[in-house]
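Visitor: I'd like a close look at the charged side chains here, and at whatever they pair up with. Could you walk me through them, and then through the surroundings?

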Amino acid sequence: MIGVLENIKVLDFTTVLPGQYATLMMADMGADVLKISSPSKKDVILEQEPYFEDSDISISQMWLLRNKDTMALNLKTKEAVNIVKELIKEYDVLIEGFKPGTMEKFGLSYEELKEINPSLIYCSLSSYGETGPMSSYAGHDINYLAKSGLMSISGKKDSGLSLLNAQIGGMSVGSNNAVIAILSAIIYRMNTNKGQRIDISMLDGLISYNTFEGLNYLYSGNIPSREESLLNGGSLYDFYETKDGRFFSVGAIEDKYFSGFCKIIGREDLISGGIYPENIEIVKKEIKEIFKSKDFNEWKEIFKNKDLCIEPVQNLEEALLLDEQIKERNVIVELDYNGNKVKQYKLPIEFSCSKAVYNHVGKKIGADTEKILQKLSYSKEEINELKNKGVFK
């Protein structure tokens with residue numbers, strides 16, 4: 001079956017999570033992705049434990065480098081830069097995740113490479129973007145969440161902030177915006193025959209995640225606080241602890257769902273007040289007490305097959321392996337590695353005509369270096385000479 005991005009060739013210079021997840025999605029959609037890495041430079045994501053049993057490849061690397069070829073190049077050598085300039089002649093997309101200015105230092109700027117390939121789409125994915133006083137700063141998800149304003153109204157008044165075990169800025173913003181931008185640029189090139197430069201800032205993308213509270217502030221100048229608005233704990237939209245210390249989510253915002261919720265918990269008197277009652281502190285305390293009157297599994301049975309936006313907070317076993325909805329959608333796929341089954345996340349997009357294909361787990365860095373060079377007409381002797389010069393380190 002032909003992938004939706006069949007015949008699109010992507011040169012991947014990304015490290016850590018956002019860029020590598022973006023190119024994983026493209027690879028799963030059929031793009032020919034070549035990952036360029038320096039084996040001597042630590043990648044904190046690819047090298048984090050655990051490693052697959054009796055192998056030198058981490059489970060993160062098996063996932064993020066899935067369906068990709070890998071080439072080892074030390075971009076600090078002129079020979080490696082020359083190899084990239086040869087490769088770029090036949091690639092549609094280059095994506096990099098270095099600090100702004102780094103590719104320029106290597107001699108691989110957009111301005112230089114577009115002279116070789118005018119139709120090149122060149123995507124730079126960074127913390128704060130290519131311009132501005134923080135353009136050269138490093139950052140991680142916690143920093144983008146902090147600077148965006150999102151965390152100022154998240155958490156509880158009495159306990160403050162809480163970490164979220166998810167890369168919102170990195171994956172929801174960085175990875176997805178990079179893929180959206182690249183695919184849009186491909187359509188633009190189809191219409192104009194022109195390539196272009198793309199600048200993706202993870203902080204930029206998070207700003208609009210302030211949604212209604214941010215718009216309200218821009219309009220009125222009123223700065224909201226924690227547990228004051230509909231979605232940050234100021235309503236009955238919240239998590240509630242059960243008798244055995246687990247939790248349920250209550251998202252019954254609409255009247256029909258809230259009405260059904262109230263009937264199930266035996267509090268039809270709360271229906272008129274809705275999800276955002278005037279005496280919110282009193283009502284929320286009463287609902288907390290109701291949830292604490294039963295165990296997690298008791299509540300699961302009570303809300304089973306009820307379409308009310310009430311769902312249990314599942315642990316990883318329940319979510320990844322036992323949940324019927326997730327199983328039905330085949331969200332977890334199995335790939336072969338030397339006769340062993342490796343479980344991974346699927347491409348979270350379904351096409352009717354172009355199914356994702358999972359050809360292989362991530363390879364060891366540099367596994368395809370010689371194959372790629374031979375395609376560029378390098379001889380065995382030339383490859384050995386480059387190896388001796390440290391070009392593949």
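To start, how many positive and negative side chains does the protein have, and how far apart do the centres of the two sets lie?

Guide: Happy to, and keep in mind as we go that this is a predicted model. The protein carries 47 positive and 57 negative side chains, and the centres of those two sets are 3 Å apart. As a backdrop, picture 16 helices and 11 strands, with C-alpha atoms filling a box of roughly 80 × 55 × 40 Å along the principal axes.

Now for the pairs. Side chains of opposite charge can pair when their charged atoms come close. Searching the whole structure turns up 26 salt bridges. Let's pick out a few.

Start with Arg-246 and Glu-318, whose closest N and O atoms are 2.7 Å apart. Arg-246 sits in the loop between β7 and β8, while Glu-318 belongs to helix α13, so this salt bridge ties together parts that are 72 residues apart in sequence. How covered are the two ends? Arg-246 is partly exposed, at 23% relative accessibility. Glu-318, with a relative accessible area of 13%, falls under the 20% cut-off and so counts as buried.

Stay with both ends of that bridge for a moment, starting with helix α13. This helix spans residues 316-322 and gives the most to a nonpolar surface patch, with four residues. The patch is about 480 Å² and is made by Leu-316, Leu-320, Leu-321, Leu-322 and Tyr-345. Leu-321, one of the patch residues, sits in α13 and is partly exposed at 44% relative accessibility.

The loop at the other end, between β7 (238-241) and β8 (247-250), also holds Lys-243. Lys-243 is exposed, with a relative accessible area of 58%. Beyond its neighbours within four places in sequence, Lys-243 makes contact with Phe-291, Lys-292, Ser-293, Lys-294 and Asp-295. For a sense of scale, the C-alpha atoms of Lys-243 and Asp-28 are separated by 43 Å, with the two positions 215 residues apart along the chain.

Follow the chain past β8 and you come to helix α10. In α10 (residues 255-264), Tyr-257, Phe-258, Ser-259, Gly-260, Phe-261 and Cys-262 are buried. Their cover includes β8, along with α11 (280-291), α12 (296-303) and β9 (310-312). Just after α10, Gly-266 takes a positive phi of about 75°.

Back to the charges, with a pair that has both ends tucked away. Lys-68 forms a salt bridge with Asp-12, and their closest N and O atoms are 3.6 Å apart. Lys-68 is in the loop between α2 and β3 (69-72) and Asp-12 is in strand β1 (residues 9-13), so the bridge ties together parts that are 56 residues apart in sequence. Lys-68 and Asp-12 are both buried. In the bigger picture, buried residues make up 45% of the 393 residues in the protein.

What about partners with more of an outside view? Lys-389 pairs with Glu-385, with 3.7 Å between the closest N and O atoms. Lys-389 is partly exposed at 47% relative accessibility, and Glu-385 is partly exposed too, with a relative accessible area of 45%.

Some charged residues join up in a group. Asp-69, Lys-363, Asp-368 and Lys-371 are linked in a network of salt bridges.

Those long-range ties fit a wider picture. Among contacts in the protein with a separation of 6 or more, 69% are between residues 24 or more positions apart. Ser-201, in strand β6 (residues 196-201), makes an uncharged example: it is in contact with Ser-126, Ser-127, Tyr-128, Gly-129 and Val-173, leaving aside neighbours within four places in sequence. Ser-201 is buried, with a relative accessible area of 4%.

While you're there, have a look at the backbone. Most residues other than glycine have a negative phi, and most peptide bonds are trans. Asn-193, in the loop between α7 (168-192) and β6, has a positive phi of about 65°, and it is exposed, with a relative accessible area of 67%. Thr-211, in helix α9 (residues 211-220), has a positive phi of about 35°. Finally, a cis peptide bond with an omega of about 5° joins Glu-49 and Pro-50, and Pro-50 lies in the loop between β2 (32-37) and α2 (59-64).

Note on methods
Residues are numbered from 1 along each chain as its sequence is written. This is a predicted model: local features need pLDDT of at least 70, side-chain atom pairs count only at pLDDT 80 or more; totals for chains, interfaces and linings use all residues. Side-chain values use heavy atoms; hydrogens and water are left out. Helices (H or I, at least four residues) and strands (E, at least two) are DSSP runs, numbered from the N terminus. Buried means under 20% relative accessible area, exposed over 50%, partly exposed in between (1.4 Å probe, protein chains only). Contact means heavy atoms within 4.5 Å. Lys and Arg count as positive and Asp and Glu as negative; His and the chain ends are not counted. The place of a charge is taken as NZ of Lys, CZ of Arg, CG of Asp or CD of Glu. Patches are made of residues with over 30% relative accessible area and no salt bridge: like charges are joined within 9 Å, nonpolar side chains (Val, Leu, Ile, Met, Phe, Trp, Tyr) within 5 Å. Accessible areas come from the Shrake-Rupley method with a 1.4 Å probe; for residues, only the protein chains shown count as cover. A salt bridge is a side-chain nitrogen of Lys or Arg within 4 Å of a carboxyl oxygen of Asp or Glu.
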